[in-house]
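Here is a walk through one protein model, taken a region at a time. Keep the structure open and follow along.

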Amino acid sequence: MIEVDHLSKIYGSTPAITDVTFKVEPGEILGFLGPNGAGKTTTMRILAGYLPATKGTVKIAGYDVQDNSLAVRKKIGYLPETPPLYPEMTVEGFLHFVAQIKGIPAGDRPKKVKAAMERCNITEKRQVIIRKLSKGFRQRVGIAQAIVHDPPAIILDEPTVGLDPRQIIEVRNLIKSLAGTHTIILSTHILPEVSMTCNRVAIIHRGKIVATNSPENLMTRLTEGSGYELTISGEVELAKQILQNVPGVSLVESMPNLSESHNAILRVLSESGSEPGKYIASALIHGGFDLHEMRRVSASLEDVFLKLTTTENTQESITESEIAGDNS
């Protein structure tokens, strides 16, 4: 449905994005994840036809964004980071206006507007002036204007920024309800949005794609999957040195202790395919440490994100073909 091929955007001599390539399959939700300034919004604007690319191509529903911009705009719904709303209009009046400028025939507009309001759960606000709405409801109106013409592809740029926790959950559920019948790109720097909403993730760092895969496969591939959290008493640095020499251990780090005890908490990551738990416990006990607690922990998407976006040297892209077992 969406094909991005070697896309680059250069401002003067400064590259905003470089050689960005990814695909989004029909009915899929792709999380486009990256820190602030990584190139997310630039990419979304090029996909939506708001910016021309310096190099590369984008095809949506078979149409080239550069060569067939008008045809592409009919196939997409776009929600920028700041929703394009007219605050002096009512919700229903604004959506009728959007339906008109998007070319929906006059006879179909009431049905389309009603359907968009129902999907976004804003029907009860249809006669309210937009400036009087909370930010959460304004965000819903923004999504409604993006889907009022029932496009096959939807591009959402930071759709939950500034919302409270309840509003975030509501917007997240709305986005998930659009999957299947719509292909969605969700641009965000908020990790839970990706792990709880998206089928796949593309991570961008310094204008380059550094990973594309399902969140689960990225966690397995890039963080060796799992490890242990230990609560011990004794000399922490010595314990870390002992554990780092245990076969099957890839990383040992200290964790903050939020309790009132003076015990130390260590996080130990294991190598792929390794189960060093009993050796970890044995090494600590033989080293004279008191092991108060030991529990298994799974790697998180945050671990992947930090590993890929905090290194000084951008890593080689990790794609689906490099990770066995990915069927997405």
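**From a helix to its sheets**

Just after helix H4, Asn121 takes a positive phi of about 55 degrees. The model is a predicted one, and this residue is a handy place to enter it.

Step back from Asn121 into the helix itself. H4 covers residues 109-119. Which of its residues are buried? They are Val113, Ala116 and Met117. These three span an arc of only 100 degrees around the axis, which places them on the same side of H4. The spacing has a general background. An α-helix has 3.6 residues a turn, so residues three or four places apart point the same way. Now turn the helix over. Lys111 and Lys114 are exposed, and they sit on the face turned away from the buried side.

What do the buried residues of H4 pack against? Their partners are helix H3, residues 91-101, and helix H5, residues 135-147.

H3 and H5 also pack on each other. Their axes are 9 Å apart and meet at an angle of about 25 degrees. Angles under 35 degrees count as roughly parallel. H3 and H5 are therefore roughly parallel to each other. Their crossing is right-handed. From H3, the contact uses Val91, Phe94, Leu95 and Val98. From H5, it uses Val141, Ala144 and Gln145.

Next comes a sheet. It is open, has six strands and shows mixed pairing. Read across, the order is S6-S7-S8-S3-S9-S10. Strand S6 (76-79) and strand S10 (208-213) stand at the edges. Each has a single partner strand, so one side of each is left without a neighbour in the sheet. On average, neighbouring strands here are turned by 15 degrees against each other, direction ignored.

Look at the S10 end of that order. Strand S9, residues 200-205, is joined to S10 by five bridges. The two strands run antiparallel. One residue pair helps to locate the match: Val201 has Asn213 in S10 as its bridge partner.

Helices lie on this sheet as well. H5, already met beside H3 and H4, packs on the sheet and touches S6 and S7. The direction of H5 makes about 160 degrees with that of S6. Helix H1, residues 40-47, lies across five strands: S3 (29-33), S6, S7 (153-157), S8 (183-188) and S9. H1 runs at about 150 degrees to S8.

Follow the chain out of S7. Glu158 lies in the loop between S7 and helix H6, residues 165-178. Its phi is near 50 degrees, a positive value in a residue other than glycine. Is Glu158 buried or exposed? Glu158 is buried, with a relative accessible area of 5%.

His6 offers another case. It belongs to strand S1, residues 2-11. Phi of His6 is near 50 degrees, again positive in a residue other than glycine. His6 counts as partly exposed, at 44% relative accessibility.

Now move along to a second open sheet. It has four strands in the order S12-S13-S11-S14, and the pairing is antiparallel. Strand S12 (249-255) and strand S14 (290-298) form the edges, each pairing on one side only. Neighbouring strands are turned by 20 degrees against each other on average, direction ignored.

Inside this sheet, strand S11 (residues 226-233) and strand S13 (residues 264-270) run antiparallel and are joined by six bridges. Glu229 stands opposite Arg267 in S13. Helix H9, residues 236-244, lies across S11, S12 and S13. It runs at about 165 degrees to S12.

The last stop is the loop between H9 and S12, where Val246 is found. Val246 is buried, with a relative accessible area of 6%. What does Val246 contact, leaving aside its neighbours within four places in sequence? The contacts are Pro276, Tyr279, Ile280 and Ala283. Take Tyr279 from that list. Val246 and Tyr279 are 33 residues apart in sequence, and their C-alpha atoms are 6.8 Å apart in space.

Technical notes. Residues numbered from 1 in each chain as written. Predicted model: local features only at pLDDT ≥ 70, side-chain atom pairs only at ≥ 80, totals over all residues. Heavy atoms only, no water. Buried < 20%, exposed > 50% of the residue type's maximum accessible area, 1.4 Å probe, protein only. Arc of directions from axis to C-beta. Contact = heavy atoms within 4.5 Å. Pairing = 2+ DSSP bridges. Axes fitted to C-alpha atoms, helices over the stretch in contact; angles between N-to-C directions. Parallel < 35°, antiparallel > 145°, perpendicular 65-115°, else oblique. Left-handed = near helix turned anticlockwise from the far one by under 90°.
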